[in-house]
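Biologist: I am new to this structure. Please take me through one part of it closely, and then show me how other parts are held together.

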Amino acid sequence: MATKINVRSPFYVKAEPASGTLTSATMQLYIYIGAKLTTPTSSELRYTITKTPIDSNNYVVYEIAELVRDYLDIEFDGEYDSQTVWVESDITMYDAVDGGGSSVGTSNTDYIAFDGYGYFHEGTNPELSRGLLLSNNTIFRLNDSNVRIPVFTEDTNSVAFYYQGVEKRSITISSSTNTNGQIDYVTVSGSDNTDTYEERVVADGGTLESSKCLTDFLNQIDIGLVDEVWVATDTGTEIVKIFSTEECKYEPYKVTFINKYGALQDLWFFKKSVESTNVTSEQFKASIFDQSTLSYKTYKHQQQSFLAQGKDRITMNTGYVNDDHNAVLEELLLSEQVWYTEITETEERVIPVIPLTKSITYKTSVNDKLANYTVDFEHAFDKINNIR
């Protein structure tokens, strides 16, 4: 079983011989994706690092998280994939500098790396070993949308969906020796990558023809209606409560982000949204005077704009949520990869965004009764295509 690394926080590896005097240590760090290898080859070798002890210490310490994260590329195009990497550190310790002399010990350790992090109070090398890769135990879903539960397959045995005490679907979870099987996004519908009726139509290559009759009909149908999810892990069973919300006035948006466990997590914003565009440009004063005619054309610009560019923004509101979602909003603002999904009549567009909201006041049921959060996002690209 490989040790779990959350590479947004430092991860320290200590090399210390059981006996003898350490004068140098060399680490070979292998990083790769795919099936786990018994013995990685030179093609998976990314770093060779030699260190010597400080002062009279008989050990050296390596910090490998930052090195590993360079090889962990997170992407989201609407499909929920397990995005992790295998890591192996092979350390040889010597009683002479630069690998000379004789070996006084070796250390070989396997890791599985996630793009997660620990908080200060969780101490060094936060492994965050748990099956359910969520900090919240309640989910607010849009009617007829998928319920998606990310789990660490190594620590999870099964996931079951219930409605009013009746089991609707149960899935056995198996561990995997491949990086694409470390996170399983378990859904009530059985489809990992579609959420609503509209998304299913577009995903199947169909064309969505919006109409009031169709909208009224869809608002009465809920294919994936559940109210509890039971996640059975090696340490017990965690229950996630599901609250379904019907929204008839505003257009809901699904925001997806990388949470503290390194998993993709969905958060629905149900209420009012406002879109805007912010434009920037430079200006210079042009000479429009024609000396030959001692005149100038009054329809020409004396003030000329150049390098005009725009950024789209959108402000979203969650609608009323409970105290459990304080952790979700915190992880959303701390995330470095955030997207929202926009459904048109012909396509599903995943739009990368950056949260502009940098501070948030947490609300509680005791102090505030009902909690609605407003978050400002900016598109993570320029309005005018300037990719060269």
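Modeller: Let us start with one sheet. This is a predicted model. Its 5 strands form an open sheet with mixed pairing, in the order 8-14-13-10-11. Strand 8 (138-142) and strand 11 (166-172) are the edge strands, and each of them pairs on one side only. From one strand to the next, the twist averages 20°.

Look inside that sheet next. Strand 13 (residues 228-233) and strand 14 (residues 236-245) run antiparallel, and 6 bridges join them. Trp230 has its bridge partner in strand 14: Ile239.

Now move to another strand pair. Strand 2 (residues 12-15) runs antiparallel to strand 5 (residues 60-63), with 4 bridges between them. Tyr12 has Glu63 of strand 5 as its bridge partner. The side chains of strand 2 alternate. Val13 and Ala15 point to one face and are buried. Tyr12 and Lys14 point to the other face and are not buried.

Lys14 also takes part in a salt bridge. Its side chain meets that of Glu16, at 3.6 Å from N to O. Lys14 is partly exposed, because its relative accessible area is 49%, and buried would mean under 20%. Glu16 is partly exposed too, with 43% relative accessibility.

Salt bridges appear elsewhere as well. The whole structure has 14 of them. One joins Arg8 to Glu336, with the closest N and O atoms 3.6 Å apart. Arg8 lies in the loop between strand 1 (3-6) and strand 2, while Glu336 lies in the loop between helix 4 (326-334) and strand 21 (338-343), so the pair ties together parts that are 328 residues apart in sequence. Arg8 is partly exposed, at 28% relative accessible area. A network of salt bridges links Arg8, Arg69, Asp115 and Glu336.

Another salt bridge joins Asp266 and Arg148, whose closest N and O atoms are 2.6 Å apart. Asp266 sits in strand 16 (residues 264-269) and Arg148 in strand 9 (residues 148-152), so this pair ties together parts that are 118 residues apart in sequence. Arg148 counts as buried, because its relative accessibility is 8% and the cut-off for buried is under 20%.

Finish at the surface. Phe284, Phe306 and Leu307 form a nonpolar patch there, and together they have about 310 Å² of accessible area. Leu307 belongs to strand 20 (residues 303-321). Leu307 is exposed, because its relative accessible area is 64% and exposed means over 50%.

Conventions
Residues are numbered from 1 along each chain as its sequence is written. This is a predicted model: local features need pLDDT of at least 70, side-chain atom pairs count only at pLDDT 80 or more; totals for chains, interfaces and linings use all residues. Side-chain values use heavy atoms; hydrogens and water are left out. Patches are made of residues with over 30% relative accessible area and no salt bridge: like charges are joined within 9 Å, nonpolar side chains (Val, Leu, Ile, Met, Phe, Trp, Tyr) within 5 Å. Accessible areas come from the Shrake-Rupley method with a 1.4 Å probe; for residues, only the protein chains shown count as cover. A salt bridge is a side-chain nitrogen of Lys or Arg within 4 Å of a carboxyl oxygen of Asp or Glu. Helices (H or I, at least four residues) and strands (E, at least two) are DSSP runs, numbered from the N terminus. Buried means under 20% relative accessible area, exposed over 50%, partly exposed in between (1.4 Å probe, protein chains only). Two strands pair if DSSP finds at least two bridges between them. Axes are lines fitted to C-alpha atoms, for helices over the stretch in contact, and angles run from 0 to 180 degrees between N-to-C directions.
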